[in-house]
Amino acid sequence: MQILLGFFLAAIVAVLAWRVGALSRSGMVAAIVTGGLIFGLGGLPWATLLLTFFISSSALSRAYKKQKAILAEKFSKGSQRDWGQVLANGGLGAALALAYALTRQPEWLWVAFAGSMAAVNADTWSTELGVLSLIPPRLITSGKRVERGTSGGITLTGSMAALGGAALVGFFAILFTPAPELLTKLLVIILAGFVGALFDSILGATVQAIYWCPKCNKETERHPVHTCGSPTNQLRGLKWFNNDVVNFACSLMGGLVAAGVWLILR
Ligand SMILES: [Zn+2]
């Protein structure tokens with residue numbers, strides 16, 4: 001019964017998100033499947049965290065659209081999420097919900113889920129708000145100044161946004177936590193989210209596939225064609241390590257850090 005209700009609610013949210021342009025058609029289908037599993041198998045606590053991520057990150061993607069379009073080409077083309085992006089952000093969560101339902105619902109799986117949601121939320125917040133920084137970013141690996149929107153570039157604004165994104169997920173997670181564990185769990189989730197977002201930046205600066213647009217003379221994550229229509233050539237990174245793989249790795253790191261630290265501290 002709860003599973004049916006979960007899929008029903010996920011379908012309502014996904015169709016609404018598709019109607020307002022936050023999801024593409026394939027993204028809508030992927031969101032019904034992942035959201036249905038998370039809502040249906042995890043219940044209210046899991047649903048709350050997924051919605052916290054989905055609503056806050058979709059809202060931030062749409063905020064300051066004009067400024068972002070001027071500041072970085074990365075944002076010049078819509079904020080619709082396709083199925084790859086949905087699975088990159090929510091696929092691990094759906095797998096954790098499945099594991100949670102099939103076992104004796106151990107708490108560490110729920111903490112891992114909270115950590116993975118904190119990580120993808122932290123990453124989205126830092127990407128969407130970091131680009132508004134007045135000071136250009138520095139590459140996380142070398143400290144060299146890079147152009148706005150460059151993968152692996154970090155700013156103070158973006159880092160504070162990452163903390164905020166992780167903290168929001170942590171705050172909603174502790175609503176379902178007994179009092180003596182409140183502070184520990186909040187800190188574990190914030191830490192996991194922040195480390196996940198940092199890991200995302202490190203991957204962006206090292207192994208992520210980055211391309212070159214010969215027409216615009218600039219780096220881009222876009223392949224095979226740039227936003228200007230010109231074909232792009234690979235510049236560095238591993239070909240299969242695209243933005244979706246980076247986001248999935250970010251969610252995995254968040255889940256591992258949260259569950260690991262939680263199991264050690266408890
Ligand atoms: Zn171009």
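What geometry do the 4 donor atoms give the site of the zinc ion? The site is tetrahedral, with angles of 103 to 115 degrees among the donor atoms. Four donors count as tetrahedral if all angles lie between 85 and 135 degrees. For four tetrahedral donors, the ideal angle at a metal is 109.5 degrees.

The structure on display is a predicted model, in which local features need pLDDT of at least 70 and side-chain atom pairs count only at pLDDT 80 or more, whereas totals for chains, interfaces and linings use all residues. Residues are numbered from 1 along each chain as its sequence is written, and side-chain values use heavy atoms, with hydrogens and water left out.

**Stop 1: the zinc site**

Select the zinc ion together with C213, C216, H226 and C228. The coordinating atoms are SG of each of C213, C216 and C228, and ND1 of H226, at 1.9 to 2.3 Å. Donors here are N, O and S atoms within 2.8 Å of the metal (3.2 Å for Na, K and Ca); water is not among the atoms, so sites may look incomplete. Along the chain, the donors follow the spacing C-x2-C-x9-H-x1-C. Within this set, C213 and H226 link distant parts of the chain, 13 residues apart: C213 belongs to strand β3 (residues 210-213), and H226 to the loop between β4 (218-220) and β5 (233-236). Strands (E, at least two residues) and helices (H or I, at least four) are DSSP runs, numbered from the N terminus.

Next, colour the site by accessibility. Buried means under 20% relative accessible area, exposed over 50%, and partly exposed in between, using a 1.4 Å probe and protein chains only. C213 counts as buried because its relative accessibility is 0%. H226 has a relative accessible area of 4% and is therefore also buried.

**Stop 2: helix α7**

Select residues 156-174, which form helix α7. The expected span of a helix is 1.5 Å times one less than its number of residues. For the 19 residues of α7 this gives 27 Å, and the end C-alpha atoms are 27 Å apart, which agrees. The buried residues of α7 are G158, A161, A162, G165, A166, V169, G170, A173 and I174. An α-helix has 3.6 residues a turn, so residues three or four places apart point the same way. Now show the elements that cover these buried residues, including α3 (44-62), α6 (107-130) and α8 (182-205).

**Stop 3: L139 and S201**

Select L139, in strand β1 (residues 138-139). L139 counts as buried because its relative accessibility is 16%. Apart from residues up to four places away in sequence, L139 touches K144, V146, S151, G152, G153 and A205; contact means heavy atoms within 4.5 Å. A distance drawn between the C-alpha atoms of L139 and G153 should read 4.3 Å, although the two are 14 residues apart along the chain.

Move to S201 in helix α8, which is buried at a relative accessible area of 13%. Beyond its neighbours within four places in sequence, S201 is in contact with I140, G152 and I154.

**Stop 4: the enclosed space**

How many cavities of 30 Å³ or more does a search of the whole structure find? The search finds 1. On a 1 Å grid over the protein atoms alone, a cavity is a set of points where a 1.4 Å probe fits but cannot get out; a pocket is an open set with protein on both sides within 12 Å along at least five of seven lines; and lining residues have an atom within 4 Å of a point. Grid points are joined across faces, edges and corners, and a volume is the space filled by probe spheres set on the points.

The largest cavity has a volume of about 230 Å³. Of its 17 lining residues, select A31, T34, L50, F54 and V86, which lie nearest its centre. The elements giving two or more residues to this lining are α1, α2 (25-42), α3 and α5 (83-102). The largest share, 5 residues, comes from α3.

**Stop 5: the second largest pocket**

Select V13, L16, A17, V20, A22, L51, F54, I55, S58 and R62, which line the second largest pocket. Two elements, α1 (2-19) and α3, give two or more residues to this lining, and α3 supplies the largest share, 5 residues. The space in this pocket is about 160 Å³.

**Stop 6: Q85**

Finish at Q85 in helix α5, which is partly exposed at 24% relative accessibility. Outside its neighbours within four places in sequence, Q85 is in contact with Q80 and D244.

Technical notes: Tetrahedral: all angles 85-135°; square planar, octahedral: opposite > 155°, others 65-115°.
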